[in-house]
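Colleague: I have a model open and would like to learn how to read the way its helices pack. Could you take me through it?

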Amino acid sequence: MATHSPRPLAPGEHLARRSRIAGLARQLGFMGRVEYRHVYSRTGGAQYGQGSTAGQDLLTVYAEAFERDANPDDFSLEAILAHERGHQLLARHPRIAKRVVGVSEAGEEILASLLGAMLCNDDDNRVTLLAKATSELLDRGQSAAAASRQLQELWDLLETLL
Amino acid sequence: MIGAKKLSTIRDEVEEAFSSRGEDPVQRLEAQIASAKRKGNRTEVLEGLKRFLERSRKRKRRKQRVGARIE
């Protein structure tokens, strides 16, 4: 992050960002409310919040999601939102939610990236989320071979549950 | 949350992890894909990582070419 606050938006830009997010969230199958906050967060760009029903779930997208999207060396907005939709599936999908009870926070991040990868139409976004899941396992000390093997097993399992 | 780690950092990590003993990571992934296929195993993850590294390299090369032209 270059500065402590995002640059001011031009008139109409807030609405344009909100519409873009809403369209992408819909394409990805997100249920619930979607909002855009023109502030920097510590989330990386977006956050899923679980409500008392799926309709009351909340997807909040922050300014850095758009900055990352504009950087070809970083995640696109679609990839960021697909990851959050992955979190919603972990919480809401009847078969998946049952299987992930008790999974650690780090484990949830890996599964959300895999589910997000499955949802992306664009292959660039799909492979970036696969790379993110791999990086999480490498950070936990796994070898490249073990990480790719484990991810393939999880991919197979999630595919049958989805 | 997708977290603050940049995709370029992730690319470097993945590249390093798959290039043990100085081997080219894309070639190593190709060998692993071939081996997995021979065993009848699925390869979505290995193939995805291979495409990820290949595209990152292309982008890097394009950037270097543009940089050289500007200089």
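**Reading helix packing**

Modeller: Start with a pair inside chain A: α6(A) and α7(A) are oblique to each other, because their angle falls in none of the parallel, antiparallel or perpendicular ranges. Bear in mind that this is a predicted model.

Colleague: At what angle do the axes of α6(A) and α7(A) cross, and within what distance do they come?

Modeller: The axes of helix α6 (residues 123-139) and helix α7 (residues 144-161) of chain A cross at roughly 130° and come within 9 Å. The crossing of α6(A) past α7(A) is right-handed.

Colleague: Which residues make the contact?

Modeller: From α6(A) they are A:A133, A:T134, A:L137 and A:L138, and from α7(A) they are A:A147, A:S148, A:Q150 and A:L151. By class, the residues of this contact are five nonpolar, three polar and no charged.

Colleague: Why do contact residues on a helix recur at such spacings?

Modeller: An α-helix has 3.6 residues a turn, so residues three or four places apart point the same way. In α6(A), A:T134 and A:L138 are among the residues that touch α7(A).

Colleague: Which helix of chain A gives the most residues to the side that touches chain B?

Modeller: That is α6(A), with 11 residues. Across the whole interface, 28 residues of chain A are in contact with 24 residues of chain B. The elements of chain A that give two or more residues to this side are β2 (46-49), α3, α6 and α7. Its classes are 11 nonpolar, 10 polar and seven charged residues.

Colleague: What does the partner chain consist of?

Modeller: Chain B has three helices and zero strands, and its elements run α-α-α from the N terminus on. Of its 71 residues, 27% are buried.

Colleague: How do α6(A) and α1(B) pack?

Modeller: The axes of α6(A) and helix α1 (residues 7-17) of chain B are 9 Å apart, at an angle of about 65°. Here α6(A) passes α1(B) in a left-handed crossing. On the α6(A) side the residues are A:T128, A:A131, A:K132, A:T134, A:S135 and A:L138; they meet B:L7, B:I10, B:R11, B:E13, B:V14 and B:A17 of α1(B). This contact divides into six nonpolar, three polar and three charged residues.

Colleague: Is α3(A) largely enclosed or open?

Modeller: Largely enclosed by the rest of the structure, because 14 of its 16 residues are buried. Helix α3 (residues 77-92) of chain A reaches 22 Å from its first C-alpha to its last, close to the 22 Å expected at 1.5 Å a residue.

Definitions and conventions: Residues are numbered from 1 along each chain as its sequence is written. Chains are lettered from A and ligands numbered from 1 in the order in which they are written. This is a predicted model: local features need pLDDT of at least 70, side-chain atom pairs count only at pLDDT 80 or more; totals for chains, interfaces and linings use all residues. Axes are lines fitted to C-alpha atoms, for helices over the stretch in contact, and angles run from 0 to 180 degrees between N-to-C directions. Helices (H or I, at least four residues) and strands (E, at least two) are DSSP runs, numbered from the N terminus. Angles under 35 degrees count as roughly parallel, over 145 as roughly antiparallel, 65 to 115 as roughly perpendicular and the rest as oblique. A crossing is left-handed if the near helix is turned anticlockwise from the far one by less than a right angle, and right-handed if clockwise. Two residues are in contact if their C-beta atoms, placed from the backbone, lie within 7 Å. Ala, Val, Leu, Ile, Met, Phe, Trp, Tyr, Cys and Pro count as nonpolar, Asp, Glu, Lys and Arg as charged, and the others, Gly among them, as polar. The expected span of a helix is 1.5 Å times one less than its number of residues. A residue is buried if 20 or more other C-beta atoms lie within 10 Å of its own, exposed if 12 or fewer, and partly exposed in between; C-beta atoms are placed from the backbone.
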